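Q: I should like a close examination of one part of the structure shown below, followed by an account of its surroundings.
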Amino acid sequence: MNRKIAPPIVDAVNFNLQLKPYQYFTLENGIPVYCIDAGEQEVLQIEWIFYAGNWFEQQQGVAAATNFMLKNGTSKKNAYELNEAFDYYGSYCSRSCYNETASVSLHCLSRHAEKGVSIIAEMISDSVFPEKELEIFKQNSKQRLQVNQKKCEFVAGRKIDGLLYGEKHPYAAYTSETEIDALDVALLKTFYQQYYLQGSCVIFVAGKLPAQIIGLLNAHFGKMPLQKPGYLLSPVPVNPSPEKKWRIKNDEQAVQGAIRMASSFPNRHHPDFKKAVVLNNIFGGYFGSRLMSNIREEKGYTYGIYSYLQNHIQESAWMISTEAGLAYCEPLIEEVYKEMKLLRETPVSSNELKLVQNYMMGSLLGDLDGPFHIIAKWKNIILNGLGEDYFYSSVDAIKNSKPEELQALAQKYLQPENFYELIVY
């Protein structure tokens, strides 16, 4: 090697990215298992995805409470003993509840997979929802809600979803203190019975896989009366607000306002979606975007402003999010519209487009670093019902987007009359 000669520089846009294929198995009861066997460290991640999000609840708050309470006691172990069991083996268990799905995940050393999986199986098959634990959960939830309701950004995040989808839509149905108070053990057990014990499930596994991993999962979950996902979610009508401009006073002592601007947008199955992601990055999707360069760096109205496409399975939206001093909120919104106008009227320069393409390809490269990131990519594709070629068609959209295509998308979607304006202060 001649160290006097610098190595060649390769633009990220020229990278040939490959998404490692998964191994696919089914358990005895038909539950699909997607595996990525990779990585240098002897660590393992297993995630059980249940179709048990708030899309399925009859009373608000039940889905999230049920998911959280899975770790709060079985007929054999109380909440403390469950946590001790995970800690003893250096494992970590987390639960999350989303709009359509809810998850239980395990991180552990590969050699302790059997112990970790057996504890998870006990949690999922034998949760008892102790009354005392539920009361603690309700008390903590109400306290957290009371604190958050004083924060303008929290109120703005809830309100903009209500404007986009309607207050009763699952994407905007947020829990109130009254609904938290109404939670009881019977409601949680009914939801648990229907959507966990007999619900639809998908399992994702990544890391250094033990040789017996499928046999292990089959022994603990293959005989449960679970179902493989084989149905579409029942559509819920969207009921957007007819009023587009909202100014809401939330804090008498507020010195800044939380700004949300949003317009409805198709989901990932729409042919415009992939190239709209490229346009969004130019507009407000990363630190060098036009919104950031203008409104943060040039005008100094805010510390940060971003735009993004919401990560929903059914409906979606194009969102702009920031906070600014009260005196700058209205001028900031005008600058957002100016940037939309520029994208509609003037094609993106080749240099700016190449910069964004390189940024996006570099980000994708980071997203493929390690088995946990790789399985996350596959999970997003699978849960959204997309084809296995979606990753490569997305890469192609990044590499081959043309300025005139992006301008046409801006003319179609970045129209001020389509956007809700919300300032909460």
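In strand 5, which residue is the bridge partner of I49?

A: The bridge partner of I49 in strand 5 is S103. The model is a predicted one, in which local features require pLDDT of at least 70, side-chain atom pairs count only at pLDDT 80 or more, and totals for chains, interfaces and linings use all residues. Residues are numbered from 1 along each chain as its sequence is written, and side-chain values rest on heavy atoms, with hydrogens and water left out.

Strands and helices are DSSP runs numbered from the N terminus (E, at least two residues, for strands; H or I, at least four, for helices). I49 also has a partner in strand 6, namely V202. The next pairing to note is that of F50, whose bridge partner in strand 5 is A102.

These bridges belong to wider pairings. Strand 3 (residues 43–50) is antiparallel to strand 5 (residues 102–109), with eight bridges joining the two. Strand 3 also runs antiparallel to strand 6 (residues 201–207), here over seven bridges. Two strands are said to pair if DSSP finds at least two bridges between them. Seven of the eight residues of strand 3 are buried, so the strand is largely enclosed by the rest of the structure. Buried denotes under 20% relative accessible area, exposed over 50%, and partly exposed the range in between, computed with a 1.4 Å probe on protein chains only.

The sheet that holds strand 3 is open and has six strands, in the order 1-2-6-3-5-4, with mixed pairing. Strand 1 (23–26) and strand 4 (92–97) each have a single partner strand, so one side of each is left without a neighbour in the sheet. On average, and with direction ignored, neighbouring strands are turned by 15 degrees against each other. Helix 8 (residues 213–221) lies across strand 1, strand 2 (32–37), strand 3 and strand 6, and runs at about 40 degrees to strand 3. Such angles run from 0 to 180 degrees between N-to-C directions, the axes being lines fitted to C-alpha atoms, for helices over the stretch in contact.

A second sheet deserves a description beside that of strand 3. Five strands form this open sheet in the order 7-11-8-10-9, again with mixed pairing. Its edge strands are strand 7 (245–248) and strand 9 (305–309), each of which pairs on one side only. The twist from one strand to the next averages 15 degrees. Within this sheet, strand 8 (residues 256–265) and strand 11 (residues 420–424) are antiparallel and joined by five bridges; A258 has V424 of strand 11 as its bridge partner. Helix 9 (residues 273–285) packs on the sheet and touches strand 8, strand 9 and strand 10, its direction making about 175 degrees with that of strand 9. Helix 5 lies across strand 7, strand 8, strand 10 (316–325) and strand 11, at about 25 degrees to strand 8.

Helix 5 (152–165) also helps to cover the buried residues of helix 4, as do helix 1 (62–69), helix 6 (177–181) and helix 7 (185–197), among others. Contact here means heavy atoms within 4.5 Å. The buried residues in question are L134, F137, K138, S141, L145 and N148. Seen down the axis of helix 4, they fall within an arc of 100 degrees, so they line one face of the helix; the arc is that of the directions from the helix axis to the C-beta atoms.

Just before helix 4 (131–148), the loop that follows helix 3 (113–126) contains F129. F129 counts as buried because its relative accessibility is 2%. Its phi is near 50 degrees, a positive value in a residue other than glycine. Most residues other than glycine have a negative phi.

For the protein chain as a whole, the secondary structure comes to 15 helices and eleven strands. Its radius of gyration, 24 Å, is close to the 22 Å that the globule rule gives for 425 residues, so the chain is as compact as a globular protein of that length. The radius is taken over C-alpha atoms, and the rule is 2.2 Å times the number of residues to the power 0.38. Of the 425 residues, 51% count as buried. Among contacts between residues at least 6 apart in sequence, 81% join residues at least 24 apart.
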